[in-house]
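Reader: I have the coordinates open. Take me through the fold and its local geometry, briefly.

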Amino acid sequence: MSSIVGALAPLFALIALGAALGWARFPGGDFWPRLERVIYYLLFPAMLVATLASADVSQVSVLPLAATLLGTMIALGAALWLTRKRLALSPPVFTSAFQGVVRFNTYVGVAGAGALYGEPGLTVAAVAIALMVPTANILCVLAFIVSGTTSDHQGPASMSKSALALARNPLILACLVGVALNWSGIGLPDPGASAIALLGQAALPLGLVAVGVALRPKALWRSGRAFWLSSALKLVITPILVLALAWLAGLHGVDRQVALLFAALPTATSAYILARQLGGDAELMAAIITGQTLLAMLTMPVMLQLAGAP
């Protein structure tokens with residue numbers, strides 16, 4: 001347990017630093033929203049391209065990894081939808097709870113994979129992102145459609161905007177570029193490789209600080225039954241289900257450990273934007289993001305330890 005806590009502690013320290021900077025409103029203005037765009041559209045994609053272009057992707061069990069991670073996301077999403085009437089949640093509340101279960105924080109995931117498992121962990125994390133990001137976005141947008149929340153939020157206009165955003169998602173595009181460079185044998189020749197790698201090195205620390213800045217502790221006063229349901233499914237049930245599917249799929253080693261790490265992640269801060277855009281309960285979404293991030297500081301080490309992570 002001490003080794004896991006020691007590896008994850010710096011990550012959560014940077015998130016805490018971001019929360020302190022956000023509370024102090026330093027440096028002020030629109031600095032953080034602009035920096036977050038730089039991280040999302042430039043630095044993090046650079047890290048993914050640099051990792052995948054030179055990685056030995058053949059060492060990753062892609063199909064078992066996909067069956068484990070995507071199977072878990074789809075199973076939990078379907079279970080939530082099938083029990084929506086029994087849960088008696090309003091459509092906006094349901095969609096925010098749904099996002100809280102299906103989405104995941106990529107910054108914490110990649111940083112954790114690198115801290116715990118080094119370069120092999122980063123490679124598996126990049127593959128996991130390529131698999132999970134489009135799936136999570138599609139499932140969440142479908143949840144908004146079938147819940148009917150988009151009818152009061154420009155309907156088709158909002159949906160087309162979401163579809164276009166998915167097609168232009170910088171993380172998906174970066175994964176495609178990285179894999180193409182890898183499989184083609186082109187790779188990333190210097191000096192471009194070194195420059196892109198340097199850009200990528202800035203992504204994770206700044207991304208973790210930005211996660212902290214985005215936290216909204218006051219929103220926790222809105223937390224209720226939907227918050228606890230979403231958090232329990234995300235932080236406890238999801239890792240357990242991933243372990244079961246990993247066993248069935250024959251996933252082992254670093255692949256299995258990174259899959260478990262990604263299953264134990266809190267939801268993504270970007271879920272708040274989609275909640276506002278497509279008619280979800282944005283305040284509840286802020287509470288879920290904040291609460292899950294704080295709770296994950298406790299649950300992630302416990303889940304990894306119980307599963308026998310090194």
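Reader: Among contacts in the protein chain between residues at least 6 apart in sequence, what share joins residues at least 24 apart?
Author: This is a predicted model: local features need pLDDT of at least 70, side-chain atom pairs count only at pLDDT 80 or more, and totals for chains, interfaces and linings use all residues. Residues are numbered from 1 along each chain as its sequence is written, and side-chain values use heavy atoms, leaving out hydrogens and water. A contact means heavy atoms within 4.5 Å. Of the contacts between residues at least 6 apart in the protein chain, the share joining residues at least 24 apart is 88%.

Reader: How many helices does the protein chain have?
Author: Helices (H or I, at least four residues) and strands (E, at least two) are DSSP runs, numbered from the N terminus. The strand count is zero, and the helix count is 13.

Reader: What is the radius of gyration of the protein chain?
Author: The radius is taken over C-alpha atoms, and the globule rule is 2.2 Å times the number of residues to the power 0.38. For 310 residues that rule gives 19 Å. The chain comes close to this, so it is as compact as a globular protein of that length, with a radius of gyration of 18 Å.

Reader: Is helix 11 (residues 253–263) largely enclosed or not, and how many of its residues are buried?
Author: Buried means under 20% relative accessible area, exposed over 50%, and partly exposed in between (1.4 Å probe, protein chains only). The buried residues of helix 11 include Asp255, Gln257 and Phe262. Helix 11 is largely enclosed by the rest of the structure, because the buried count is eight of eleven.

Reader: Which helices do the buried residues of helix 11 pack against?
Author: Alanine 259 lies in helix 11 and is buried at 1% relative accessibility. Leaving aside residues up to four places away in sequence, alanine 259 touches Leu65, Leu69, Val242 and Leu251. The buried residues of helix 11 pack against helix 3 (62–82), helix 6 (106–147), helix 10 (225–249) and helix 13 (282–306).

Reader: What separates the C-alpha atoms of valine 101 and proline 266?
Author: Valine 101 sits in helix 5 (residues 91–102) and is buried, with a relative accessible area of 4%. Among the residues it touches are Leu76, Leu80 and Leu233, not counting residues up to four places away in sequence. Valine 101 and proline 266 are 165 residues apart along the chain, yet their C-alpha atoms are separated by 8.5 Å.

Reader: How are the rings of phenylalanine 227 and tryptophan 228 arranged?
Author: Rings of Phe, Tyr and Trp (its six-membered ring) pair if their centres lie within 6.5 Å; planes under 30 degrees apart are stacked, over 60 edge-to-face, and the rest tilted. By this rule there are seven aromatic pairs. The rings of phenylalanine 227 and tryptophan 228 have centres 4.8 Å apart and planes at 75°, so the arrangement is edge-to-face.

Reader: Which peptide bond is cis, with omega near 0°?
Author: Most peptide bonds are trans. Proline 27 lies in the loop between helix 1 (2–24) and helix 2 (31–54). The cis bond, with omega near 0°, runs from phenylalanine 26 to proline 27.

Reader: What is phi of arginine 25?
Author: Most residues other than glycine have a negative phi. Arginine 25 is in the loop between helix 1 and helix 2, and counts as exposed at 72% relative accessibility. Its phi is positive, near 55°.
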